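Colleague: I'm new to this one and would like a close look at a single part of it. Could you take me to the empty space inside and then show me what surrounds it?

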Amino acid sequence: MIRLSYTDRYQITRLRTLVTNIFSLAAGLVVISIIFLIAGVNPLFAISEIFQGSFGSMYGFKETITKAIPLILIGAGLTLAFRAKFWNIGAEGQMLMGAIFSTWTGLTFGDALPGFAIIPLMFAAGFLGGALWGIIPAILKIRYAINEVISTLMLNYICAHILTMLIVGPWRGATRFGFPGTDNLPDAAILSVIPGSRIHYITLILALACAAILTLAIYKTRFGYEARVVGENPDAGKYAGINFFKTTLILMAVSGGLAGLAGVGEVAGIHHYLGYPASVSSGYGFTAIIVAWLAKLNPLYTVISGIFFAGILVGGDAIQISLGLPAATVEIVNGTLLIFLIMGDYFLHNKITVSFSRT
Amino acid sequence: MWTMWKAASPNNFNPAAVPGLMRMPKSRGGCPATLMKKIQRLEMEGISKSFHGIHANKEINLSVGSGEILGLLGENGAGKTTLMNILYGLYQPDAGQIKINGRPVRITNPMESILFGIGMVHQHFMLIQNHSVIENIALGYKDTPFFFPKIKIREKVASFSRQFNFTIDLNKKIWQLSAGEQQRVEIIKALLNGADLLILDEPTSVLTPKEIEELIIILRQMKADGHCVIFISHKLDEIMNICDRVVVLQKGSIVGSADTDQTDKKTLARMMVGRDVVFNISKEKLTKGQQILRADQIHVTGDMGLPAVKGVSFDLYENEIFGIAGVAGNGQRELAEAITGIRRIDSGKVTINGKDITNLSPRHIYDHGVSHVPEERIRFGIAPGLLLYDNAILKQHHLKKFSRRYFLKYNDVKTHTQGIVDDFKVLTHSIDNQIRNLSGGNIQKLILGREISEQPRLLVASHPTYGLDVGATEFLRHHLLKLRKQGSAVLLFSEDLEEIFELCDRIAVIFAGEFMGIFDSDDERLCEIGLMMAGSKRI
Amino acid sequence: MEEIIISTLQRAMVAGTPLLLATTGEIICERSGILNLGVEGVMALGAVTAFIVTMTTGSPWLGVLAALAAGMVISVIHAFTSVTLQANQVVSGLALTMLGLGLAGMVGKPYVGKPLTIKMEDITIPVLSDIPYIGKALFSQSPFFFMAVGLALVSWFFLQRTRLGIQIRSTGENPKATETQGVNVFLIRYMSVIIGGGFSALAGAHLSISYSKSWIEGMTAGRGWIAIALTIFALWNPGRAIWAAFLFGGIFVAQYLMQPLGISPNFLAMLPYIATLLILVLISLKDPRKLNAPAMLAAPYKRGER
């Protein structure tokens with residue numbers, strides 16, 4: 001007879017967190033392997049192919065960094081929202097809104113202004129767009145007690161349709177020969193890349209800076225403290241005289257704004273024009289949720305977890321081509337890994353003891 | 001994974017490991033109530049239980065027989081509730097056994113204990129607030145039919161009410177009932193299930209004096225009917241008044257037992273605390289100073305949208321403790337929240353040192369020197385997942401002392417926290433601990449420390465000693481008197497009359513949101529305070 | 001004119017059917033105190049399972065059963081993380097959605113765009129279906145429609161008029177108190193989550209084998225999320241869910257009705273999502289006590305916590 005019992009674990013060290021996370025990811029990979037097996041794919045080959053594709057070659061690694069940029073930006077913003085227990089699932093929409101705002105700015109002023117002026121302007125516009133789209137669910141939650149999971153998701157769909165409406169309608173470019181999409185941004189409005197790659201380094205630097213600043217903000221500032229108190233217990237926040245309205249608005253503006261910045265990077269750094277929603281973002285807003293979670297809601301760690309999941313995205317693309325797997329494979333990998341990360345949390349917070357007794 | 005789930009489920013016990021043990025049959029038909037006779041005697045032998053390596057119960061032996069009311073006396077945290085939860089099947093003991101009528105039994109979950117004839121009325125009622133009385137009874141009744149359960153329950157309760165002279169509206173929602181009525185629902189639930197042994201955990205803490213008398217009548221009747229009753233309390237008077245025999249617990253062990261007619265309060269108190277208790281704190285005579293608080297015709301709305309405070313006026317001076325006595329739920333919480341800015345004041349005016357603070361934000365009111373120990377401490381007082389030192393500056397984090405522009409001065413915060421932990425004897429292994437890991441009493445000490453340490457002009461304290469052990473209570477009361485001596489004013493809300501009389505200079509009695517009168521503490525008319533608390537007398 | 005009204009009503013009923021199934025399932029789940037945000041994923045998995053099984057066996061009913069089973073099995077994951085491991089239910093539900101959508105996309109890839117030739121015969125109730133205007137819409141429908149309405153009514157009955165229903169609702173209100181009454185709240189919650197998942201999968205099955213008779217990725221189009229919003233709109237009452245779901249079915253249909261008016265189809269496609277936000281605003285104006293939300297919804301329950 002095997003008996004298991006569990007007790008709370010009080011002290012959780014960084015090392016234990018790291019080890020638990022690694023074990024969770026490994027266990028997730030085992031289950032993913034089983035799914036691959038059932039799908040008739042050699043799992044060892046598939047998994048090695050994923051990591052070969054993303055970290056195994058210079059080209060792959062560059063791609064991984066490219067895709068890590070939006071994940072770090074969005075993931076860092078989400079850590080702030082999640083810490084305040086604001087479940088912002090709408091980063092996808094906020095990112096698209098950022099793309100829309102910055103595209104408009106780029107197309108309107110791009111020819112008139114030099115690069116050093118237009119690019120900050122576009123980032124500012126993108127931040128504004130994302131922030132506005134992030135503030136809506138915050139207001140809905142504060143004023144009307146509307147669950148933010150639902151409202152942010154609905155806003156994702158709404159934003160995707162607005163974008164489509166624009167690119168098939170008023171914004172359709174003359175150079176697109178009738179296909180949906182805006183004209184290319186003027187050269188001044190395009191982000192330069194590290195030669196030989198698609199890494200738009202300005203956004204990368206911005207992402208790293210944001211992660212660092214947010215870490216400082218969460219752990220060292222009054223605002224971060226207030227956000228954490230409100231997230232832990234809104235009633236205690238009220239008792240402590242913390243302005244719930246203001247705190248939530250600011251943190252959602254930041255969270256949405258960072259997603260907006262990611263949208264700017266994708267448009268101005270990669271695509272150079274605004275196309276269909278699915279081409280602007282390949283689900284970064286959702287993947288970033290796992291990035292934030294794996295980082296244990298610490299913005300600084302999103303740099304690492306962002307690169308890791310960017311690797312899975314790139315590797316996923318690689319196996320799609322080499323093994324003929326569908327695009328949805330990446331979603332299976334993501335979903336499974338997230339489930340195992342949550343499961344791992346249990347073992348982080350509870351000590352399981354196994355005892356054997358003879359019957 | 002599957003075995004994991006089983007481990008976490010209520011029945012992680014392996015009957016085969018204990019040979020010769022009587023095991024309750026799984027099927028409903030052969031329930032032990034029919035297998036066994038009525039409980040004549042229940043014994044607990046050598047019961048031990050520890051949580052996180054700390055003994056909650058250690059080698060406990062006790063027995064109770066039919067027609068007997070056994071008192072279980074002990075301070076908060078002495079292990080009384082844990083012991084009874086073991087008997088009720090909520091926890092499994094680490095060692096020891098339970099015998100009914102001399103036969104060992106194993107109780108692994110509440111349903112089994114119900115079937116054995118054990119009923120329990122928990123201190124915090126196990127009722128579903130949003131459900132009706134009838135649904136609550138149906139949930140707990142062992143023979144509730146699957147389809148249309150309410151019909152049968154209605155019949156059952158009707159016949160039962162006639163027998164015990166209870167009247168209760170079955171269609172009312174629990175939240176619409178008074179505490180006394182809710183307790184009655186709990187007792188009905190236990191008796192309907194045919195409980196021979198009834199456990200009552202601190203049953204009087206929420207009742208008015210009149211309701212307590214009614215409860216005693218019910219208990220005496222049950223005793224006459226041959227039921228066993230275990231009565232848990234930390235109040236000596238009640239134990240002496242109600243029980244036949246008393247067992248005293250201290251730090252998880254039994255430290256003594258006696259028949260109540262052969263002992264006295266003083267002996268029991270010494271057993272309970274382990275030393276002599278000073279029953280009267282000496283209060284210095286002080287002359288009151290300047291006016292600090294003035295409340296004028298305050299009206300406040302409660303959670304249910306009904307008026308909770310109706311035109312209350314009073315003032316409060318330096319060197320004064322002003323007590324508000326009353327049974328819970330008569331507007332005390334709303335009044336405290338209104339003064340401290342958590343709740344809106346509909347009309348009326350509150351001034352501190354002559355400055356109008358009506359409906360300012362809690363932070364501004366704090367800045368005027370008003371501290372607050374809230375009634376619902378876990379709900380308002382802490383952010384459970386944050387660390388001790390984060391919680392130690394809740395409300396104060398914006399002060400210059402702890403923050404510089406946008407940044408918090410965490411070094412100073414930690415020093416400050418360590419100070420509170422040392423001064424108020426908060427038991428924790430580190431100030432880096434999440435506060436949720438602390439026991440209720442320790443959380444309370446931290447909150448008190450936080451609110452008192454900044455030398456408030458006015459301290460609004462709601463039931464500050466509720467749930468504290470005797471030592472901590474004494475310590476805290478001395479602190480309140482110290483504040484008074486230093487020139488602060490204290491507004492003390494309490495249901496504990498002993499506390500009110502001991503500490504306060506003036507006392508107001510609140511009923512249904514109105515003051516029934518304001519008295520000096522030596523006013524002779526206060527002998528009728530019980531009547532005033534029940535709303536039947538106004539002076 | 002009569003033609004338009006009848007066909008509009010009928011199509012509103014058809015569009016509302018999956019919403020009703022999923023909403024009923026989510027209501028049962030949330031009544032036990034577990035928030036399941038995995039509806040969208042489970043729905044997609046149900047859709048693909050039903051489609052494949054129907055196509056390969058030729059029997060739509062086998063397809064329905066297979067979808068039901070798939071939905072129940074995948075929901076065990078959410079039950080395990082949120083009940084046994086007391087994990088964050090929001091994140092766990094999102095993970096379930098990702099997994100469900102992913103599995104559906106992977107398994108269904110070879111079937112994308114293939115038409116389903118096997119038809120599920122509509123059920124027509126003789127006399128009633130001759131009632132003018134509403135007769136055809138209400139009494140001559142796919143079996144899914146009757147299943148959805150039937151399950152909603154049965155669920156209402158179970159929640160309100162049986163011992164089990166009281167136990168489920170009590171678990172969502174106050175698991176601790178419920179457990180002290182001798183109820184196994186773990187079992188109740190597992191059961192509710194699994195049943196809820198099964199219902200969501202049925203909703204998916206309706207989409208693939210009855211509504212559009214084909215499978216493509218993303219065909220659930222946020223219906224799972226709308227169902228979660230409808231759960232609130234229905235005040236956690238399966239009876240109210242019936243008209244809430246069909247009202248929303250009407251909004252889905254309105255898109256097509258308004259197209260001839262020259263409004264951008266992309267704008268019209270936004271309508272259900274905007275309407276979802278609007279109804280949530282409307283419902284929030286209600287007195288919170290009457291809102292009747294399960295008190296302990298989404299709060300992890302740990303046994304034996306002191």
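Modeller: Happy to. Keep in mind that this is a predicted model. Let's begin with the empty space: the structure holds 5 cavities of 30 Å³ or more. The largest cavity comes out at about 130 Å³ in volume. How do we find such a spot at all? Rolling a probe the size of a water molecule over the atoms shows where empty space is left.

Now, which residues line the largest cavity? There are 14 of them, and the ones nearest its centre are Y88(B), M120(B), K189(B), A190(B) and Q181(C). So you'll want both chain B and chain C on screen when you look at the lining of the largest cavity.

Let's stay with chain B for a moment. Chain B is split into domain 1, covering 39-273, and domain 2, covering 291-533. Taken over C-alpha atoms, the centres of domain 1 and domain 2 of chain B sit 33 Å apart. Where these two domains of chain B meet, 9 residues of domain 1 are in contact with 9 residues of domain 2. Between them, domain 1 and domain 2 of chain B bury about 750 Å², with 64% of that on carbon and sulfur atoms. On the domain 1 side of this meeting place in chain B, you'd find 4 nonpolar, 4 polar and 1 charged residues. Across it, domain 1 and domain 2 of chain B have 0 salt bridges, and the count of residue pairs in polar contact, both at pLDDT 80 or more, is also 0.

Chain C takes us onward, to its interface with chain A. Here 46 residues of chain C are in contact with 42 residues of chain A. Chain A and chain C bury about 3800 Å² between them, and 82% of this area is on carbon and sulfur atoms. The rule finds 0 salt bridges across the interface of chain A and chain C, while 2 residue pairs, both at pLDDT 80 or more, are in polar contact between chain A and chain C.

How values were computed: Residues are numbered from 1 along each chain as its sequence is written. Chains are lettered from A and ligands numbered from 1 in the order in which they are written. This is a predicted model: local features need pLDDT of at least 70, side-chain atom pairs count only at pLDDT 80 or more; totals for chains, interfaces and linings use all residues. Side-chain values use heavy atoms; hydrogens and water are left out. Domain bounds come from an automatic or database domain assignment. Contact means heavy atoms within 4.5 Å. Buried area is the accessible area (1.4 Å probe) that two parts lose on being put together, summed over both. A salt bridge is a side-chain nitrogen of Lys or Arg within 4 Å of a carboxyl oxygen of Asp or Glu. A polar contact is a pair of N or O atoms within 3.5 Å; within protein, one must be able to donate a hydrogen and the other to accept it, and residues adjacent in sequence count only if both atoms are side-chain atoms. Ala, Val, Leu, Ile, Met, Phe, Trp, Tyr, Cys and Pro count as nonpolar, Asp, Glu, Lys and Arg as charged, and the others, Gly among them, as polar. On a 1 Å grid over the protein atoms alone, a cavity is a set of points where a 1.4 Å probe fits but cannot get out, and a pocket is an open set with protein on both sides within 12 Å along at least five of seven lines; lining residues have an atom within 4 Å of a point. Grid points are joined across faces, edges and corners, and a volume is the space filled by probe spheres set on the points.
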